[in-house]
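Me: Please take a close look at one part of this model, namely how its interior and its helices pack. One connected account would suit me best.

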Amino acid sequence: MNNLYAILLAGGTGSRMGLDVPKQFLKLRGESLLRHSVKRFQRFGLLKSITIVSHPDWILETEKEVGDLLEPNDRIVEGGDTRHLSTLNGINSINYDGKDIFFIHDVARPNFKQNELYQLVEQTKIFGGATLVCPVTESLVRVKLHQNYSQEPLKREEVYAVKTPQSVAGFMLVELLNESLPNNSKQHPTDLCTWMGERRVGIVATDFHNIKVTSPGDLALAESLYLID
């Protein structure tokens, strides 16, 4: 391993939450979700740089929000039309080699832990890519698209919820980037696991603290679950 990089996806516009500002600027314990993610990665202490991927319309606001935190190697870049294209924009802004490792993180998740980052690195060395996952506690069934019934119960001990950060090695990126993307943007990968396809992805267990803020109620829950790590 040579260098560690973090790609922070902060390209939302606030439409899903019905807000005037993107959710990355929502305040949690007095600071934005974006600042919480930047600070957590900075406390990790091993990063070569942090790249924040922002919607073009919100780049100036992003600069104002975290400009005081960013180091000389850090940067803010424009996002793309999909989460995956935004991820690629962040990766392509960096000169890396096969031994480097990227963390890819959705800043709507302010509550990951430092020890999880170390474990992600170790799993990425083995598999080329790794992700945080959380066990599912509810009973699960499969319902096929456009059907209003299920006939296939799933074994919940074999199903996990995918979280971020995720991580990928430079040598795996070379392989993944050689594969063409679907022309239909709706078919683009939605995270590292879907991008990796049938390749093995290392897993690191996290827990219920790693909540994603996608609705107003999630913010109140994130307040109650917040960990000082």
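Reply: Helices are DSSP runs of H or I with at least four residues, strands are runs of E with at least two, and both are numbered from the N terminus. The model is predicted, so local features need pLDDT of at least 70 and side-chain atom pairs count only at pLDDT 80 or more, whereas totals for chains, interfaces and linings use all residues. Residues are numbered from 1 along each chain as its sequence is written, and side-chain values use heavy atoms, with hydrogens and water left out.

The largest nonpolar core (buried Ala, Val, Leu, Ile, Met, Phe, Trp, Tyr and Cys residues joined through side-chain atoms within 4.5 Å; buried means under 20% relative accessible area, exposed over 50%, partly exposed in between, with a 1.4 Å probe and protein chains only) has 26 residues, and F41 and F103 touch the most other members. At least two residues of this core come from each of β1 (4-10), α1 (33-44), β4 (49-54), β6 (101-106), α4 (114-127) and β7 (129-135). Beyond its neighbours within four places in sequence, F41 is in contact (heavy atoms within 4.5 Å) with A6, L8, L47, I50, F103, H105, F112, L117 and P165. Another core, of 17 residues, lies apart from the largest one and includes Y5, L88, I104 and L173.

F41 also takes part in the packing of two helices, since R40, F41, R43 and F44 of α1 meet Q114, L117 and Y118 of α4. By class (Ala, Val, Leu, Ile, Met, Phe, Trp, Tyr, Cys and Pro nonpolar; Asp, Glu, Lys and Arg charged; the others, Gly among them, polar), this contact of α1 with α4 has four nonpolar, one polar and two charged residues. The axes (lines fitted to C-alpha atoms over the stretch in contact, with angles from 0 to 180 degrees between N-to-C directions) of α1 and α4 come within 9 Å and cross at roughly 65°. Therefore α1 is roughly perpendicular to α4 (65 to 115 degrees; under 35 is roughly parallel, over 145 roughly antiparallel and the rest oblique).

Two further helices complete the view. F171 is found in α5 (residues 170-177) and is partly exposed, because its relative accessible area is 43%. Outside its neighbours within four places in sequence, F171 is in contact with G98 and G128. C193 lies in α6 (residues 192-196). With neighbours within four places in sequence set aside, C193 is in contact with T131, V162, Q166 and V201. The C-alpha atoms of C193 and T131 are separated by 7.6 Å, although these residues are 62 residues apart along the chain.
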